[in-house]
Amino acid sequence: MDFRELTYVMAIAKYKNITKAAESLYLTQPTLSKFLKALEEEVGQPLFRRLGNKYIPTYAGERYIERAREILLLKKELDQEMGDIISRNEGVLKIGFPPMRGTYMLPCTLPIFRSLYPEVRIKIREEMSDVLVKLIQEGEIDLAFFNHFESDKNIDYTVMSNEELLLVASKENKLCRMSVKMRGCKYPHIDLRLLSDQNVIMMLPGQRTRSVTEQLFKSAGMEPNIILVTGNIHAQAELAARNFGVAFITETHLKYVSCRDKLAFFSVGKPNTTVDFVAAYRMNSYIPYHAQEYMKIVKDFT
């Protein structure tokens, strides 16, 4: 067995088609078919079931693929570590951000990083947090930045900052007359049960703020009247400012919305709700030098 064999099997599993897998590997289809036949004879059992043009992993194939992924990730980390030892001024940095967070964090952090490491190529993935977690687990990116809500399998975290999740509403909303001062709260406090007749704008499923908000409503024993679901935080803030509904937005995001002076901010929870903004990476893995350096820049920015 060598790394080439592992890569070939991973390609077949990814594309589920021998022709597409061969194209991705710059091989001919007969060459890859011959390789797979020889490998299956070597292990003594089929690794894929053929369903028409589809190649579906057998149980043995699933186990082979799982171990192959682990071995290739270890090789990648070894290559990165050796590369760091040889030279710390070149390489590739693969990072991920949720789209809205990346809108204002990338312009503030990437120029600083580029000025320090001009020879390092940067690859950005902008996806929802749940997708970023999968990309880390599969070794597609080195690290990602998002709000931490619950632990994910094989993922470690370094806290960049802590921020409060706020309920935002128009200054004309009656909630402004119903809030109370509460010890330990930076903002006036609102009992979520007072939102029973309010229209609520929610984040998309898969976004961490959506998960936190759902847990808050569950703890309050109520179902929100969801009028709109959108992942666009600026749109949520603008709609809340126009009294279209109320929304839940973290403090950091609110620094970058243009309608801030038209909004009222409220603490929610017991007595408030805070979330950790984290850098996430594979558990027990080697963090490349340039990824460590970028984490320092993000932490300074936040």
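I began with aromatic pairs: rings of Phe, Tyr and Trp (its six-membered ring) pair if their centres lie within 6.5 Å, and planes under 30 degrees apart count as stacked, over 60 as edge-to-face and the rest as tilted. By that rule I found 11 aromatic pairs in the structure.

**Entry 1. Ground rules**

I noted that this is a predicted model, in which local features need pLDDT of at least 70 and side-chain atom pairs count only at pLDDT 80 or more, while totals for chains, interfaces and linings use all residues. I number residues from 1 along each chain as its sequence is written, and side-chain values use heavy atoms, with hydrogens and water left out.

**Entry 2. The whole chain**

I listed helices (DSSP runs of H or I, at least four residues) and strands (runs of E, at least two), numbered from the N terminus. The protein chain holds 11 helices and 11 strands. Its C-alpha trace spans about 75 × 45 × 30 Å along the principal axes.

I then looked up burial, where buried means under 20% relative accessible area, exposed over 50% and partly exposed in between (1.4 Å probe, protein chains only). Of the 302 residues in the protein chain, 47% are buried.

For contacts I used heavy atoms within 4.5 Å. Among contacts between residues at least 6 apart in sequence, 73% join residues at least 24 apart.

**Entry 3. Aromatic rings**

I went back to the rings. A pair of aromatic rings is described by the distance of the centres and the angle of the planes. I asked myself how the rings of Phe97 and Phe145 are arranged. Their centres are 5.0 Å apart and their planes at 15°, so the pair is stacked. This pair links distant parts of the chain, with Phe97 in strand β3 (residues 91-97) and Phe145 in strand β5 (residues 143-148), 48 residues apart. Phe97 is buried at 0% relative accessibility, and Phe145 is buried with a relative accessible area of 0%.

Next I took Phe113 and Tyr117, which form a tilted pair, 5.2 Å centre to centre with 45° between the planes. Phe113 counts as buried at 0% relative accessibility, and Tyr117 counts as buried at 8%.

I also wrote down one aromatic cluster, formed by Phe97, Phe113, Tyr117, Phe145, Phe277, Tyr289 and Tyr294.

Phe277 came up again with a charge over its ring (NZ of Lys or CZ of Arg within 6 Å of the ring centre and within 35 degrees of the ring normal). Arg101 lies over the face of Phe277, at 4.1 Å from the ring centre.

**Entry 4. Thr250**

Arg101 led me to Thr250, as the two are in contact. Thr250 sits in strand β9 (residues 246-250). Is Thr250 buried or exposed? I found Thr250 buried, with a relative accessible area of 1%. Leaving aside neighbours within four places in sequence, its contacts also include Asn147, Glu163, Glu164, Leu165, Thr209 and Val275.

**Entry 5. Two packed helices**

I looked at helix α1 (residues 3-15) and helix α3 (residues 29-43), which pack at an angle of about 110° with their axes 11 Å apart. The axes are lines fitted to C-alpha atoms, for helices over the stretch in contact, and angles run from 0 to 180 degrees between N-to-C directions. Angles under 35 degrees count as roughly parallel, over 145 as roughly antiparallel, 65 to 115 as roughly perpendicular and the rest as oblique. I therefore entered α1 and α3 as roughly perpendicular to each other. Glu5, Tyr8, Val9 and Ile12 of α1 meet Leu32, Phe35, Leu36 and Leu39 of α3.

**Entry 6. Backbone exceptions**

Most residues other than glycine have a negative phi, and most peptide bonds are trans. I noted a cis peptide bond between Lys270 and Pro271, with omega about -10°. Pro271 is in the loop between β10 (263-267) and β11 (274-282).

Lys16 is not a glycine, yet has a positive phi of about 55°. I placed Lys16 in the loop between α1 and α2 (18-24), and it is partly exposed at 35% relative accessible area.

Asn154, also not a glycine, has a positive phi of about 65°. Asn154 is in the loop between β5 and β6 (155-170) and is partly exposed, with a relative accessible area of 42%.

**Entry 7. Gln45**

I last looked up Gln45, in the loop between α3 and β1 (48-51). Gln45 is partly exposed at 41% relative accessibility. Beyond its neighbours within four places in sequence, Gln45 is in contact with Glu40 and Ala60. The C-alpha atoms of Gln45 and Ala279 are separated by 42 Å, and the two residues are 234 apart along the chain.
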